[in-house]
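Here is a friendly walk through one model, starting at the ligand and moving on to a helix and a single threonine. Have the viewer open as you read.

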Amino acid sequence: MNGDRVLLEIIEHLPGNVYWKDIKGRYKGCNDNFPKSINLESSRDVIGKTDYELLDQKTADSVTEIDKRVMETGEEYTAEEIHANAKTGRIVIYLSKKTPLRNKRGNIIGLVGSSFDITQRKKQEFQLAEAKQKAEDANQAKTVVLSSISHDMLTPLTTIDAATSLIDMRAESTPEIRTCFEAMYKSIEMLRTMINRVIESARIQTGGLNIQKEDICLPTIIKDAIDQVEFEKLLTNKPITINHYYEANEYFYTDKECIIHILLNLIGNAAKFTDEGEINIIVKGDEERLKIIVQDTGIGIPEDFRERIFEPFERVLRSDRSKYKGYGLGLPTVKKYVEALGGEILLSSIVGEGSTFEVNIRA
Ligand code: ADP
């Protein structure tokens, strides 16, 4: 077999449609698939003809116009094209590419084109985008309903709180009665915290974040966050040491509310999911960038759970829920705050050894 024959043989068996035309738009050759794509038997039905003899007038007009442009400008053309099959009426989407053909002197003498049927792929992309949109819409609707229910719950809770205080003032002060009132106050406070977290999370999830940057004093904010977590940790009596390494400028230009929430959530989670060992908070950066790393020696996060924990209401396995309380709203909120600051949050973890969350933001 000589070289040309081998080349033709290869082209004949290429996937998709391959064809080449002369400067007048007449087909000079094609592979086996091309005639079949326009309901013809073989390349003999195509060669020597123009698109006006093979396709309907409208399609031929648009194909000819593109061909002319490619041959006049010498520029390659790549596009996704939608065609209706003349016989079956089936809509087909092609990824089409046309390149000018030149002779030895470099003059354009025609073009070579190829097109691949990407209908199935496009359909899948569309279905995926549609499913994603539906899920996002459903999530948004759920968030709005939750938020309005939570707002409605605050009013009766305030009434219960006020009524409890009133009854408390008039009640006998025996140890049993005091214990009852303490339990009631604690329950009211827990409910209020939960409701406020749902409202805050809904506000952030639905885009209600107002970023206001200013120069903030990082060591103070970090110390306050650690103090708050240390205080909460005292209540649980766990043997955990919180260490703090600071290698950044004292001031950083960012949103204070965001940073406080990010720190409280990450350090709070580290303390919650660590039964013993250490929590290391490492802050690095300069005027432009800030890196906050929160490392713990806690229970760790399984790999298949690592992406999901940034979605609202995703929390520890059901079996661990009585041990580790929470609402699954902390990390989604942290992610929104980090994104609002144009940053990213990274996570690495080894189950049983610990987790490391790394937040990178820019001023
Ligand atoms: P919550 O802490 O209220 O459950 P979050 O959204 O803050 O909600 O966290 C979601 C889940 O991610 C947690 O329930 C837990 O399973 C996992 N998680 C978060 N931080 C840690 C951590 N430092 N160590 C282990 N698991 C963690």
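In this predicted model, the ligand is surrounded by 22 residues, and the closest are N269, K272, D296, V316 and L331. Three of these residues come with a polar distance to the ligand, listed here.

| Residue | Protein atom | Ligand atom | Distance |
|---|---|---|---|
| K272 | side-chain N or O | oxygen | 2.9 Å |
| D296 | side-chain N or O | nitrogen | 2.9 Å |
| L331 | backbone N or O | oxygen | 2.8 Å |

How much of the ligand's accessible area does the protein cover? On its own the ligand has 530 Å² of accessible area, and the protein covers 97% of that. Two or more residues of the shell around the ligand come from each of α8, α9 (330–340) and β12 (354–362).

**A threonine after α8**

Helix α8 spans residues 256–272, and T274 sits in the loop that links α8 to β9 (277–285). Is T274 buried or exposed? Its relative accessible area is 0%, so T274 counts as buried. Setting aside neighbours within four places in sequence, the residues in contact with T274 are K238, I240, D296, T297 and G298. D296 therefore appears twice in this report: T274 is in contact with D296, and a side-chain N or O atom of D296 is 2.9 Å from a nitrogen atom of the ligand.

**Helix α4 from end to end**

Now turn to α4, which covers residues 57–73. With 17 residues at 1.5 Å a residue, α4 should span 24 Å, and its end C-alpha atoms are indeed 24 Å apart, so the two values agree. At the N-terminal end, D56 acts as a cap, with a side-chain oxygen 3.2 Å from the backbone nitrogen of K58. After the helix comes G74, which has a positive phi, near 75 degrees.

Which residues of α4 are buried? They are T59, A60, V63, I66, D67, V70 and M71. Looking down the axis of α4, these buried residues fall within an arc of 135 degrees, so they line one face of the helix. The spacing fits a general rule: an α-helix has 3.6 residues a turn, so residues three or four places apart point the same way.

What do the buried residues of α4 pack against? Their partners are β1 (17–22), α3 (51–54), β3 (77–84), β4 (91–102) and β5 (108–117). On the other side of α4, the exposed residues are Q57, K58, E65, K68 and E72.

Terms used. Residues are numbered from 1 along each chain as its sequence is written. This is a predicted model: local features need pLDDT of at least 70, side-chain atom pairs count only at pLDDT 80 or more; totals for chains, interfaces and linings use all residues. Side-chain values use heavy atoms; hydrogens and water are left out. Helices (H or I, at least four residues) and strands (E, at least two) are DSSP runs, numbered from the N terminus. Buried means under 20% relative accessible area, exposed over 50%, partly exposed in between (1.4 Å probe, protein chains only). Contact means heavy atoms within 4.5 Å. The expected span of a helix is 1.5 Å times one less than its number of residues. The arc is that of the directions from the helix axis to the C-beta atoms. A polar contact is a pair of N or O atoms within 3.5 Å; within protein, one must be able to donate a hydrogen and the other to accept it, and residues adjacent in sequence count only if both atoms are side-chain atoms. A residue is near a molecule or strand if one of its heavy atoms lies within 4 Å of it. Accessible areas come from the Shrake-Rupley method with a 1.4 Å probe; for residues, only the protein chains shown count as cover.
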